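User: Could you walk me through how this one is packed? I'd like to start with a pair of helices and go on from there.

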Amino acid sequence: MTSQTPWRVEARALILLALPMIAGNIAWSAIAASDLLLLGRRGAESVAAGALAINLFHAFLIFGMGLVTAASPLIASERGRRRHSVRDVRRTVHQTLRAALFFVIPTWVLLWQCEAIMRALGQQPDLARGAGELMRGLQWALLPFLGFTTLRNFIAALERPVWGLFIMLAAIPINIAAGWALIFGHLGLPALGLFGAGLASSLSSSFLFLGLLAVILIDRRFRRYRLMGRFWSRDRERHRQVWALGLPIAVTLGFETTVFNASAFLMGLIGRDSLAAHAVAIQIAALVFMVPMGIGQAATVRVGIAYGRADWAGVGRAGWLALGIGTGFACCAAALLIRAPRLLVSAFLDLSDPANARTAALAVSFLAVAALFQLADAAQAVGAGVLRGVQDTRVPMIFALIGYWVVGIGVGTLLAFPGGMAGVGIWLGLASGLSAAALLLVARWSLRDRLRLLPA
């Protein structure tokens, strides 16, 4: 065996785990984007109203996803300690699902007030009304999607993420067909407009959860964990562990997501064209982000397994390989955004329609800034993932606050309004915030031994 063999073995394991997770993330992004694609056929105003509701919903969805992400490092480290552990893995899944339920119930009450929230944030009354209409159908997607995410983290920590990808791929045509029928009134159904778009997403999220649950109950390798057995039994210690690890992840993702949501609200203050262009550009950037996000998710599992078996060299290999692969992809993504922005925008807007000319031009300018922050975005996504693998989540949460809100929103607001750069200024602020977060996270990973992140 050569000295390179452990690196090759780890690279192969990381890539085989990351690829279906990346594809699954892209499928999830496609599900989210399909609603805006359909709404785009109703005009820029529907896109703008839909963007407001979707941004608010995603703020809570991402927070909840961060909470249930605790299942991944907990299960991975348990598998590192005892590869065939069953009871502790089941405990983690049960308590993660219970934590999701406790989070969702009060969130539903809040989302029901979407129109009032938008008005309080200064959005135009007709856009606020449209956002509230969409949210009445969309908010019910929250619980099934978090349930699906928990089960997806479970199969990913077992290094069998392909089933999650298959279920997501199947959900794409279901969401598109449901949206097409419910928004425009096809197949004998009433035309529900914005409400129909939200309802279609709730139906597809329910399919995601029930589909993956069925696989887990049927597949022999998953069935041995008996995930539905003793589901309601109380386990205060594991429940506490889920919240202790998951809450900082949730807050971290919340800081990141709400920065983009806040940027959408700021765009709404600038004008409708800027808001619609921002919605399109964010969807494209989010699609690209699914790749480093998937690499970070895979790194959490690979680092977590090495952490569980106290293999500190393996921890380092998994982390540095993930960072290298993630930033390498970011360079390719930046080239695509620079060379073909109009082609990407044309998927969301009819470029031959003069009414969309200004929105399209603004979206292209935003994508030029997005190309600049691809490297930073990948580094912060993967950096957070490798630190989660060693169950380090609290300090990265503070880094997120500093990077996204102090630097990102601060710089963006100054450039957009006093600086007179409008929407481009907001996007430059996003770039600066992501860069600050990336530097802090990668520096912490580099100093993990000195900071005693690994047990002696």
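User: How do helix 12 and helix 13 run relative to each other, roughly parallel or roughly antiparallel?
Analyst: Keep in mind that this is a predicted model. Helix 12 covers residues 272–308 and helix 13 covers residues 312–339; their axes come within 8 Å and cross at roughly 170 degrees. Anything over 145 degrees counts as roughly antiparallel, so the pair is roughly antiparallel.

User: What kinds of residues make up the contact of helix 12 with helix 13, and how many are charged?
Analyst: Helix 12 brings in residues including I284, V288, I295 and Y307, while helix 13 offers W312, A318, I325 and F329, among others. The contact residues split into 17 nonpolar and three polar, and the charged count is one.

User: Which residues have the most contacts inside the largest nonpolar core?
Analyst: That core has 120 residues. W28, for instance, touches L61, I62, M65, F145, M168, M290 and M293, leaving aside residues up to four places away in sequence. Apart from the largest core there's another one, of 32 residues, with L14, V301, Y307 and A384 among them. Back in the largest core, the residues with the most contacts are W28, F154 and W427.

User: Why is there no bond between the sulfurs of C331 and C332, and how many disulfides does the structure hold?
Analyst: A disulfide needs the two sulfurs within 2.5 Å. The closest cysteine sulfur to that of C331 is in C332, 6.8 Å away, so it's too far for a bond. The count of disulfides in the structure is zero.

Note on methods: Residues are numbered from 1 along each chain as its sequence is written. This is a predicted model: local features need pLDDT of at least 70, side-chain atom pairs count only at pLDDT 80 or more; totals for chains, interfaces and linings use all residues. Side-chain values use heavy atoms; hydrogens and water are left out. A nonpolar core is a set of buried Ala, Val, Leu, Ile, Met, Phe, Trp, Tyr and Cys residues joined through side-chain atoms within 4.5 Å. Buried means under 20% relative accessible area, exposed over 50%, partly exposed in between (1.4 Å probe, protein chains only). Contact means heavy atoms within 4.5 Å. Axes are lines fitted to C-alpha atoms, for helices over the stretch in contact, and angles run from 0 to 180 degrees between N-to-C directions. Helices (H or I, at least four residues) and strands (E, at least two) are DSSP runs, numbered from the N terminus. Angles under 35 degrees count as roughly parallel, over 145 as roughly antiparallel, 65 to 115 as roughly perpendicular and the rest as oblique. Ala, Val, Leu, Ile, Met, Phe, Trp, Tyr, Cys and Pro count as nonpolar, Asp, Glu, Lys and Arg as charged, and the others, Gly among them, as polar.
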